[in-house]
Amino acid sequence: MWEARHGFPRPVRLQSGHRRYPVSEADLVDLVLAERRRGLSLPASITSALAYAAREPGSIFASLRRRIGDRPQRLTKRALVALSRAIEDEYLASGERGLLAGSFQRPAHYRAVAPRWRELARLASASMVLASFRSTRRPRGAPVEVPISGRDPLIREWAVICDAPGFAACLAGIEVAMDRPATDADRLFEVIWSFDPAAVRDAAELTISIVAANDPRVAERARTAITHPVAPAAPATAIATADRMVAYLAEELATPAPPPWRQ
């Protein structure tokens, strides 16, 4: 009845027609009910809940940190890239489909790894990358490029999200203000990651909501890639991914940094 009369909540429909509600929508339903208990009418409660959601910062890092409560690690960009690659390669090794998303801050950071992400996109049911692009682009056989503005919290963040039926992992880092890093690779980030499918789904849904404000069609396709149920955490998958992250990080730190003009 709410959906028919008020266009809320907004489900994802399977091919069978069955509705599936993301965690973010379920949270808004709880907020509507709380507003109703305060005495507001149903339309006013829905308006209040949606206005609150619009004020929520679009920060993948903040969302992930609220969900899992861990203390972030302070890492250079060089180390952050090593951890990101480990998650991406473990995703490829899993052979699963699902949603793949990345946040790169600036287009140049994505262009440097675009061939790699084309390979990743071949496996995913839907893939997208966010950075300060000038406009949305849908290159054939590559992730959709979604622009973010200089006022968006994501402009300071680096993220990788893999939400697939048999593989769930996400990593997010927020850049730490520095006087003047020696090189791009020396930039500092506070970094947090998780292999909990519920936390990964929250990060995926937040990313989709950010994309929806820019391009609803891209967001709708992304939603269809995460219609699979949130499974219990898989320890074996988490251990394999963590082992790969440690190995990649050790290898990266053992390799001399390239000169500044090559970074």
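The following dialogue works through selected features of a predicted model.

Trainee: In what order do the strands of the open sheet stand?

Mentor: Strands of a sheet pair through backbone hydrogen bonds, in either a parallel or an antiparallel sense. In this predicted model, 7 strands make an open sheet with mixed pairing, and their order is E3-E9-E8-E7-E4-E5-E6. Strand E3 (73–76) and strand E6 (144–147) occupy the edges with a single partner strand each, so one side of each has no neighbour in the sheet. From one strand to the next, the twist averages 20°.

Trainee: Which strands does helix H7 touch as it packs on the sheet?

Mentor: Helix H7 (residues 114–123) touches strand E4 (99–105), strand E5 (126–131) and strand E7 (157–164), and its direction makes about 160° with that of E4. Helix H9 (residues 216–224) also packs on the sheet, where it touches E4, E5 and E6. The direction of H9 makes about 135° with that of E5.

Trainee: I should like to follow the pairing around E7. How many bridges join E4 to E7, and how many join E7 to E8?

Mentor: E4 and E7 run antiparallel and are joined by 5 bridges. Within that pairing, Ser103 has Ala159 in E7 as its bridge partner. E7 and E8 likewise run antiparallel, with 8 bridges between them. Two of the bridge pairs that reach E8 are Val160 with Leu171 and Cys162 with Ala169. The connection from E7 to E8 is a hairpin through 2 residues.

Trainee: In what sense do E8 and E9 pair?

Mentor: Strand E8 (residues 167–175) and strand E9 (residues 188–194) pair in the antiparallel sense, over 6 bridges. Ala172 stands opposite Ile192 in E9, and the bridge partner of Ile174 in E9 is Glu190.

Trainee: How should one read the side chains of a strand? Which residues of E7 point one way, and which the other?

Mentor: In a regular strand, side chains alternate between the two faces of the sheet. From E7, Glu157, Ala159, Ile161 and Asp163 point one way, while Trp158, Val160, Cys162 and Ala164 point the other way. E7 is mostly covered, with 8 of its 8 residues buried.

Trainee: How many residues of E8 are buried?

Mentor: For E8, 9 of the 9 residues are buried, so this strand is largely enclosed by the rest of the structure. Phe167, Ala169, Leu171, Gly173 and Glu175 point one way from E8, and Ala168, Cys170, Ala172 and Ile174 point the other way.

Trainee: Glu157 is in strand E7. What does Glu157 touch?

Mentor: Glu157 counts as buried, because its relative accessibility is 0%, and the cut-off for that class is under 20%. Leaving aside residues up to four places away in sequence, Glu157 touches Ser59, Ile60, Phe61, Ser103, Phe104, Gln105, Gly173 and Ile174. For contrast, Leu253 in helix H10 (residues 235–254) has 54% relative accessibility and counts as exposed.

Trainee: How does one read a helix pair? At what angle do the axes of H4 and H8 cross?

Mentor: An angle over 145 degrees counts as roughly antiparallel. The axes of helix H4 (residues 60–68) and helix H8 (residues 197–214) come within 9 Å and cross at roughly 155°, which makes H4 roughly antiparallel to H8. The crossing is right-handed.

Trainee: Which residues meet between H4 and H8?

Mentor: From H4, the residues are Ile60, Ser63, Leu64, Arg67 and Ile68, and they meet Ala198, Ala199, Asp202, Ala203, Leu206 and Thr207 in H8. By class, this contact has 7 nonpolar, 2 polar and 2 charged residues.

Trainee: Finally, what should one look for in the backbone? What is the phi of Gln105?

Mentor: Most residues other than glycine have a negative phi, and most peptide bonds are trans. Gln105 has a positive phi of about 70° although it is not a glycine. This residue lies in strand E4, and Gln105 is buried, with a relative accessible area of 1%.

Trainee: Which peptide bond is cis?

Mentor: The bond from Phe8 to Pro9 is cis, with omega near -5°. Pro9 is found in the loop between helix H1 (2–6) and strand E1 (12–13).

Technical notes
Residues are numbered from 1 along each chain as its sequence is written. This is a predicted model: local features need pLDDT of at least 70, side-chain atom pairs count only at pLDDT 80 or more; totals for chains, interfaces and linings use all residues. Side-chain values use heavy atoms; hydrogens and water are left out. Two strands pair if DSSP finds at least two bridges between them. Helices (H or I, at least four residues) and strands (E, at least two) are DSSP runs, numbered from the N terminus. Axes are lines fitted to C-alpha atoms, for helices over the stretch in contact, and angles run from 0 to 180 degrees between N-to-C directions. Contact means heavy atoms within 4.5 Å. Angles under 35 degrees count as roughly parallel, over 145 as roughly antiparallel, 65 to 115 as roughly perpendicular and the rest as oblique. A crossing is left-handed if the near helix is turned anticlockwise from the far one by less than a right angle, and right-handed if clockwise. Ala, Val, Leu, Ile, Met, Phe, Trp, Tyr, Cys and Pro count as nonpolar, Asp, Glu, Lys and Arg as charged, and the others, Gly among them, as polar. Buried means under 20% relative accessible area, exposed over 50%, partly exposed in between (1.4 Å probe, protein chains only).
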